[in-house]
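Biologist: Before we discuss the ligand and the domains, could you put the model in front of us?

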Amino acid sequence: MEKIDCAVIGAGAVGLAIARELALAGREVIILEAENAFGTHTSARNSEVIHAGIYYPTGSLKARFCVAGRKLLYTYCAERGINHKRIGKVVVACDEQQLDGLHKYKKQAELNGVDDLRLLTKEEVNTLEPEVIAVAGFLSPSTGIIDSHGLMLAYLGDAENAGATLVLNSPALSGRISDDGIVLDVGGAEPMQLACRTVINAAGHGAPALARSIAGIPAETIPQSYYAIGHYYTLTGKAPFNRLVYPVARQDWLGVHVTIDLGGRCKFGPDFSWRDSLDYKFDESREPLFYEAIRRYFPGLKDGTLQPGYTGMRPRLTGQGKEAVDFMIHGPRDHGVPNLVNLYGIESPGLTSSMAIAGYVRELVD
Ligand SMILES: Cc1cc2nc3c(=O)[nH]c(=O)nc-3n(C[C@H](O)[C@H](O)[C@H](O)COP(=O)(O)OP(=O)(O)OC[C@H]3O[C@@H](n4cnc5c(N)ncnc54)[C@H](O)[C@@H]3O)c2cc1C
């Protein structure tokens with residue numbers, strides 16, 4: 001049986017950030033990834049926005065890690081030359097009924113330590129974003145966009161330079177808690193057993209199922225998985241906006257908002273609907289809903305200019321009719337197993353939070 005100090009399971013943005021953190025702290029790290037490349041799931045299917053930390057409940061891990069992670073990320077991007085842009089975001093109330101929601105966002109942001117928001121009148125919104133119709137808004141100057149693949153490449157590069165190894169096509173299938181650590185059964189072309197002192201389960205959508213397959217983790221600590229898909233449509237031609245535009249949400253998600261990518265192209269989304277399993281299939285019947293939602297703040301949207309883009313799946317811990325819950329990061333104190341961390345429900349703002357999550361996980365296993 002092979003022996004290793006530390007196995008990180010899952011090579012998405014969060015797993016790679018953790019592998020980097022542990023390797024830089026002097027740990028011997030192997031990263032086990034089921035697919036034939038890193039970062040092909042949620043970390044490649046998101047909005048690539050560096051969030052400011054506006055929406056999340058005060059004191060939640062999402063709020064804390066987003067605000068701290070955003071600062072770490074901007075510094076890291078500058079140091080490592082990762083393509084990003086502090087482009088800013090305008091949050092808008094499309095009508096009088098949304099004003100209350102707009103002010104609630106601003107208040108929540110301030111409680112979270114986001115202290116640079118500036119209220120905008122209807123005229124100021126119009127000056128900043130001439131194509132946008134709104135009754136009021138606010139500007140979030142510290143919201144940005146990032147090349148998520150470039151970020152993951154930098155995390156992996158740092159981890160490898162510090163001695164970590166990424167092993168592709170190597171799903172962690174099951175395991176057991178033993179007296180001197182955690183034994184993992186790893187599949188793939190060359191199946192093996194790996195005796196690990198420390199295991200970090202950062203398997204994204206796969207994290208709850210993997211935890212259930214490791215004998216010795218109390219079942220009552222493992223949450224159920226739910227799948228909420230988001231579609232993106234792209235806009236043909238040059239982006240008619242200068243920065244990101246988010247309407248006040250009409251439900252528990254952030255509405256069909258505008259993101260501009262680093263190539264200057266504009267995309268709308270993600271929307272929100274439930275799926276029974278991990279299924280990225282694009283449902284083109286969503287198109288009329290997009291036109292209707294976007295025209296509430298961008299009436300100049302012309303017929304035929306939206307093109308199907310891609311989808312992403314939120315790893316949810318609560319199902320239909322229930323509020324989204326916080327990130328769930330379980331260390332020894334939560335499940336009673338030494339040297340094991342399970343990360344569940346790392347949906348948005350997980351990309352922004354990745355470096356802060358990594359620091360927290362290192363503390364849990366130190
Ligand atoms: C629609 C959408 C939009 C989003 N937009 C943003 C945004 O703009 N800004 C932001 O900050 N966050 C955003 N997020 C959240 C962010 O994308 C995620 O929080 C982050 O990418 C999660 O990274 P991860 O490493 O936990 O998961 P993943 O990227 O899913 O990685 C998990 C990895 O584990 C592997 N794996 C699974 N099971 C096993 C196994 N048994 N053995 C080995 N490997 C395994 C998978 O193959 C995968 O590579 C968004 C999320 C969604 C769904």
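**Fold, domains and ligand shell**

Modeller: This is a predicted model, and the protein in it has nine helices and 21 strands.

Biologist: What radius of gyration does the protein have, beside that of a compact globule with 366 residues?

Modeller: The C-alpha trace spans about 65 × 40 × 35 Å along its principal axes, and buried residues make up 49% of the 366 residues. For a compact globule with 366 residues one would expect a radius of gyration near 21 Å, and the protein agrees with this because its own value is 21 Å.

Biologist: How far apart do the C-alpha centres of domain 1 and domain 2 lie?

Modeller: The domain assignment gives domain 1 as 2–45 + 149–224 + 324–365 and domain 2 as 89–141 + 226–316. Nine residues of domain 1 are in contact with 10 residues of domain 2, and the side of domain 1 that touches domain 2 has two nonpolar, five polar and two charged residues. The C-alpha centres of the two domains lie apart by 32 Å.

Biologist: Which residues come nearest to the ligand?

Modeller: The shell around the ligand draws at least three residues from each of domain 1 and domain 2, while helix H1 (13–24), strand E19 (306–316) and helix H9 (350–365) each supply at least two residues of it. By class, the shell divides into 17 nonpolar, 19 polar and five charged residues. Of the 41 residues around the ligand, those that come nearest are Gly10, Gly12, Gly204, Gly206 and Gly350.

Key:
Residues are numbered from 1 along each chain as its sequence is written. This is a predicted model: local features need pLDDT of at least 70, side-chain atom pairs count only at pLDDT 80 or more; totals for chains, interfaces and linings use all residues. A residue is near a molecule or strand if its C-beta atom, placed from the backbone, lies within 6 Å of it. Helices (H or I, at least four residues) and strands (E, at least two) are DSSP runs, numbered from the N terminus. Ala, Val, Leu, Ile, Met, Phe, Trp, Tyr, Cys and Pro count as nonpolar, Asp, Glu, Lys and Arg as charged, and the others, Gly among them, as polar. Domain bounds come from an automatic or database domain assignment. The radius of gyration is taken over C-alpha atoms; the globule rule is 2.2 Å times the number of residues to the power 0.38. A residue is buried if 20 or more other C-beta atoms lie within 10 Å of its own, exposed if 12 or fewer, and partly exposed in between; C-beta atoms are placed from the backbone. Two residues are in contact if their C-beta atoms, placed from the backbone, lie within 7 Å.
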